Amino acid sequence: RQNLIKFIVKSGNKGQAFKNILEIGPSVSPISRSFKDFSSITYIDNMNKPPFTLIGKEKYHQGLYPSSKISGKFDLILVSHVLEHSNNLNSFMLSIKSNLSKNGMAVFSIPNFKYWLANKYWNAITSEHLAYPFTDQIKFICNQVGLTPVFSKFLNHSVYFSVSHSSTAQTDPVTFKKLLSLQQLLINWVD
């Protein structure tokens with residue numbers, strides 16, 4: 001958690017405070033409260049009510065992102081160990097792009113599946129994980145939807161990455177081939 005916060009601070013918002021924050025899947029311990037000088041924080045999670053007391057200008061929406069739409073633009077979107085539970089990564093990233101302010105940043109933390117599976121950490125394969133994104137897959141999807149990813153790793157547990165709007169979206173055929181080979185690798189491991 002502290003390493004993720006350090007990554008967010010290091011990635012920064014071009015010297016500006018994060019005014020409007022969206023945290024997707026905060027569970028019982030919101031990360032966004034670590035940032036000061038915000039105007040509002042919006043949380044979305046699948047629990048009927050927030051498992052924490054809302055303070056100040058915090059709002060809670062019950063639902064699953066992105067199927068439960070959140071209106072508005074956000075300077076910071078936090079997605080910690082949620083992306084791997086999405087059944088459509090492309091739709092998820094398109095919604096992130098839609099909710100991201102012009103100069104905003106979305107920050108993700110996901111399991112380092114490439115390391116976990118290569119080292120036969122089979123407990124990574126669960127019914128809760130609907131996707132097993134590797135960095136090449138994330139790069140490919142971000143490129144397709146017009147987002148620019150920046151990656152960092154925290155030991156072998158997690159991959160942190162931030163995304164921001166990019167000026168162009170294009171398909172890189174080499175990346176697409178890597179994407180297919182990584183998917184085949186995962187299928188072979190599961191079989």
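Is Asp45 buried or exposed, and what is its relative accessible area? In this predicted model, Asp45 has a relative accessible area of 14%, and a residue counts as buried when that value is under 20%, so Asp45 is buried. The residue belongs to strand 2, which covers residues 40-45. Leaving aside residues up to four places away in sequence, Asp45 touches Gly25, Pro26, Ser27, Tyr60, His61, Gln62 and Gly63. A further pairing worth a look is that of Asp45 with Glu23: the two are 22 residues apart in sequence, while their C-alpha atoms are 8.7 Å apart in space.

One of the residues that Asp45 touches, Ser27, has a backbone feature of its own. Ser27 sits in the loop between strand 1 and strand 2, and its phi is near 55 degrees, a positive value in a residue other than glycine. With a relative accessibility of 33%, Ser27 is classed as partly exposed. His81 offers a second case: its phi is positive, at about 55 degrees, although His81 is not a glycine. This histidine is found in the loop between strand 4 and helix 2, and its relative accessible area of 26% makes it partly exposed. For readers checking backbone geometry, there is also a cis peptide bond, which runs from Tyr65 to Pro66 and has omega near 5 degrees. Pro66 lies in the loop between strand 3 (58-62) and strand 4.

Helix 2 comes next, spanning residues 89-99. At its start, a side-chain oxygen of Asn88 comes to within 3.2 Å of the backbone nitrogen of Asn90. Within the helix, the buried residues are Leu89, Phe92, Met93, Ser95, Ile96 and Asn99. These residues lie on the same side of helix 2 because they cover an arc of only 155 degrees around the axis. Their packing partners include several strands, namely strand 1 (20-24), strand 4 (74-80), strand 5 (100-111), strand 6 (147-154) and strand 7 (158-165). Helix 4 (135-145) is also among the elements against which the buried residues of helix 2 pack.

The pockets bring several of these elements together again. The largest pocket holds about 310 Å³ of space. It is lined by 18 residues, and those closest to its centre are Leu64, Tyr65, Val82, His85 and Ser86. Strand 2 and helix 2 are the elements that give two or more residues to this lining. Tyr65 thus appears both here and at the cis peptide bond described above. Sorted by class, the lining of the largest pocket contains seven nonpolar, 10 polar and one charged residues.

The second largest pocket has a volume of about 270 Å³. Its lining is likewise made up of 18 residues, with Arg1, Leu4, Ile31, Ser80 and His81 nearest the centre. His81, the residue with the positive phi, is therefore one of those at the heart of the list for this pocket. Helix 1 (2-11) and strand 7 each supply at least two residues of the lining. By class, the lining of the second largest pocket divides into six nonpolar, 10 polar and two charged residues.

Notes:
Residues numbered from 1 in each chain as written. Predicted model: local features only at pLDDT ≥ 70, side-chain atom pairs only at ≥ 80, totals over all residues. Heavy atoms only, no water. Buried < 20%, exposed > 50% of the residue type's maximum accessible area, 1.4 Å probe, protein only. Helix = DSSP H or I, 4+ residues; strand = E, 2+ residues; numbered from the N terminus. Arc of directions from axis to C-beta. Contact = heavy atoms within 4.5 Å. Polar contact = N/O pair within 3.5 Å; in protein donor to acceptor, adjacent residues only side chain to side chain. 1 Å grid on protein atoms, 1.4 Å probe; cavity = no way out; pocket = protein on both sides within 12 Å on 5 of 7 lines; lining within 4 Å. Points joined across faces, edges and corners; volume = space filled by probe spheres on them. Nonpolar A, V, L, I, M, F, W, Y, C, P; charged D, E, K, R; others polar.
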